[in-house]
Amino acid sequence: MKIKWKKLINQLFETSYKEIFAVFFLLSVSFYNILTGYFLMVSGDEIVEKSGTYQIMDGLMTIDTWGFLFILSAILILIAAFQETNAKFINMIFGGFIGAIVLFLYSTASSENAVTNLLPSRYALSACFNLFVAAMGGLELWKTKNKN
């Protein structure tokens, strides 16, 4: 066990801070989506009756479907954070794109009944982060295809 910790610490010192930040960015986007998806799947049905936002969302598709899409997006991005092959970029594209779509829809639904635009703006910003993940995955995949 002690050897594994030493190896991990040495690996951290050898890795550039940009790579570490990139992994943490992917993890934060993924954990945000997991948390949102988990909330929707566990508490969504109770909240639908009380919230106009969730009633609008439930009108588009079931709350469990929303939760599933958030979790699917999160899992693809989480896997991409630790992959070393080109599959990483494919997972970033699909995970980021799915997350961006559901978060933009979530943002739109929440703006209908929002007292202030703070929450819809936060959701839209999170959607932009997901879109950024998808765009970077696509760009990196394109770069690797053009090298060959």
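Which residues make the nonpolar surface patch of about 530 Å²? Select Leu-60, Phe-97, Ile-101, Phe-104, Leu-105 and Leu-131 and you have the patch on screen. Keep in mind throughout that this is a predicted model.

**Stop 1: the nonpolar patch**

Colour helix H5, residues 87–112. H5 supplies the largest share of the patch, with four residues. Now pick Leu-131, which sits in helix H6, residues 118–147. Leu-131 is partly exposed, at a relative accessible area of 38%. That value clears the patch cut-off of over 30%.

**Stop 2: an edge-to-face pair**

Next come the aromatic rings. The structure holds seven aromatic pairs. One of them is Phe-25 with Phe-129. Show both rings and place a distance between their centres: 5.8 Å. The planes stand 85° apart, and the pair is edge-to-face. Phe-25 belongs to helix H2 (residues 17–48) and Phe-129 to H6, so this pair ties together parts that are 104 residues apart in sequence.

Are these two rings buried or partly exposed? Phe-25 is partly exposed, with a relative accessible area of 25%. Phe-129 is partly exposed too, at 37%.

**Stop 3: the ring cluster and Thr-36**

Select Phe-39, Tyr-54, Phe-70, Tyr-106 and Tyr-123 together. Ring pairs link these five residues into a cluster. Then add Thr-36, a residue of helix H2. Beyond its neighbours within four places in sequence, Thr-36 is in contact with Phe-70 and Tyr-106. Both of those contacts are members of the ring cluster. Thr-36 has 10% relative accessibility and counts as buried, because the cut-off for buried is under 20%.

**Stop 4: helix H4**

Phe-70 leads on to helix H4, residues 63–82. How many residues does H4 have, and how far does it reach? H4 has 20 residues and spans 29 Å from its first C-alpha to its last. The expected span at 1.5 Å a residue is 28 Å, close to that value.

Now highlight the buried side of the list: Ile-63, Trp-66, Gly-67, Phe-70, Ser-73, Ala-74, Leu-76, Ile-77, Ala-80 and Ala-81 are the buried residues of H4. Phe-70 thus appears here as well as in the ring cluster. Turn on the surrounding helices to see the cover. It includes H2, helix H3 (52–60), H5 and H6.

**Stop 5: Phe-89**

Go back to helix H5 and select Phe-89. This residue is buried, at 14% relative accessibility. What does Phe-89 touch, leaving aside its neighbours within four places in sequence? Phe-89 is in contact with Gly-137, Glu-140, Leu-141 and Thr-144. For a longer reference line, draw one from Phe-89 to Phe-21. Their C-alpha atoms are 17 Å apart in space, and the two residues are 68 apart in sequence.

**Stop 6: the salt bridge**

Glu-140, one of the Phe-89 contacts, takes you to the last stop. Side chains of opposite charge can pair when their charged atoms come close. The count here is one salt bridge. Select Lys-143 and Glu-140: their side chains meet in that bridge, at 3.3 Å from N to O. Both residues lie in helix H6, three residues apart, about one turn of the helix. Lys-143 is partly exposed, with a relative accessible area of 38%. Glu-140 counts as partly exposed as well, at 24%.

How values were computed. Residues numbered from 1 in each chain as written. Predicted model: local features only at pLDDT ≥ 70, side-chain atom pairs only at ≥ 80, totals over all residues. Heavy atoms only, no water. Patch = residues over 30% accessible without salt bridge, like charges linked within 9 Å, V, L, I, M, F, W, Y side chains within 5 Å. Areas by Shrake-Rupley, 256 points an atom, 1.4 Å probe, with all protein chains shown as cover. Salt bridge = Lys/Arg side-chain N within 4 Å of Asp/Glu carboxyl O. Helix = DSSP H or I, 4+ residues; strand = E, 2+ residues; numbered from the N terminus. Buried < 20%, exposed > 50% of the residue type's maximum accessible area, 1.4 Å probe, protein only. Phe/Tyr/Trp six-rings, centres within 6.5 Å; stacked < 30°, edge-to-face > 60°. Expected span 1.5 Å × (residues − 1). Contact = heavy atoms within 4.5 Å.
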